[in-house]
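This report introduces a structure to a reader who has not met it before. Please look at the sequence and the model first, and then read on.

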Amino acid sequence: MQLLEAIHSRRSVRAYTDREVDEATIRALLHAAVQAPSAINTQPWRFSIVQSKARLRHYSDRAKETMLARAHAATDPRAAQFMELLEDPAFNIFYDAGTLVVIGVETRTTYSDADCWLAAQNLMLAACDAGLGTCAIGFAVGVLNTPEIKAEIGLPESGAALAPILVGYPLAMPDPMSRDEPRVLSWTR
Ligand SMILES: Cc1cc2nc3c(=O)[nH]c(=O)nc-3n(C[C@H](O)[C@H](O)[C@H](O)COP(=O)(O)O)c2cc1C
């Protein structure tokens, strides 16, 4: 697959087959991830891989509980818009995928979030090239940063989980989401 083809055909996949993603494939994706640019080449990204559906279901339930509580308390107006989904016991924020790659850092710095998201995009494009689907899961960021789960996934207290990315074999490819034309605010020559 050519690079531009991958850029244009990547979609956020929300339905996966039961086929497991093997270790060699995940390692190849991580190798692509770490080719991303990083501020002063600090390469702050660290990777935690979760390949237990039961564990992911547990994280999902905890995330939904917290987000719902915030929505009810109206402390997070964004959560309110997802209330119906979050109240559905069948809804799994990880869409029953078998693999979650959490990209995080041991210490957060000015540019570490940017570095990790650039690594995440490399991983997602490499996965697309390999016939895999991916989806960034912002819903998971809160729960992954609780002290217990940080410890479970190997992040120190000082660390942060930044970019949770699902990886799996797509059951169905979503229709492309439309994109607005680039809005250029200024172009000084
Ligand atoms: C930072 C970030 C967080 C996201 N969080 C979620 C999420 O929690 N759940 C989900 O289903 N999709 C999530 N997405 C995927 C977006 O909804 C998706 O990228 C967008 O709708 C465009 O669709 P496309 O990726 O198929 O082009 C997230 C994407 C990004 C970049």
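What follows describes the sheet, a helix lying across it, and the surroundings of the ligand.

The model is a predicted one, and its sheet is a convenient place to begin. The sheet is open and consists of 4 strands, which are arranged in the order 1-2-4-3 with antiparallel pairing. Because strand 1 (46-50) and strand 3 (133-136) each have a single partner strand, they stand at the edges, and one side of each is left without a neighbour in the sheet. On average, and with direction ignored, neighbouring strands of this sheet are turned by 25 degrees against each other.

The pairing of strand 3 with strand 4 (residues 160-168) is antiparallel and runs over 4 bridges; in one bridge, cysteine 135 has leucine 166 of strand 4 as its partner. Across strand 1, strand 2 (99-105) and strand 4 lies helix 2 (residues 23-33), which runs at about 155 degrees to strand 1.

Which residues come nearest to the ligand? Of the 13 residues around the ligand, these are Arg11, Ser12, Arg14, Tyr95 and Gly138. The shell around the ligand is made up of 7 nonpolar, 2 polar and 4 charged residues. The table lists distances from N or O atoms of the protein to an oxygen atom of the ligand.

| Residue | Part of the residue | Distance to a ligand oxygen atom |
|---|---|---|
| Arginine 10 | side chain | 2.9 Å |
| Phenylalanine 139 | backbone | 3.0 Å |
| Arginine 179 | side chain | 2.9 Å |

Taken alone, the ligand exposes 630 Å², and the protein buries 68% of that area.

Key. Residues numbered from 1 in each chain as written. Predicted model: local features only at pLDDT ≥ 70, side-chain atom pairs only at ≥ 80, totals over all residues. Heavy atoms only, no water. Near = heavy atom within 4 Å. Polar contact = N/O pair within 3.5 Å; in protein donor to acceptor, adjacent residues only side chain to side chain. Areas by Shrake-Rupley, 256 points an atom, 1.4 Å probe, with all protein chains shown as cover. Nonpolar A, V, L, I, M, F, W, Y, C, P; charged D, E, K, R; others polar. Pairing = 2+ DSSP bridges. Helix = DSSP H or I, 4+ residues; strand = E, 2+ residues; numbered from the N terminus. Axes fitted to C-alpha atoms, helices over the stretch in contact; angles between N-to-C directions. Contact = heavy atoms within 4.5 Å.
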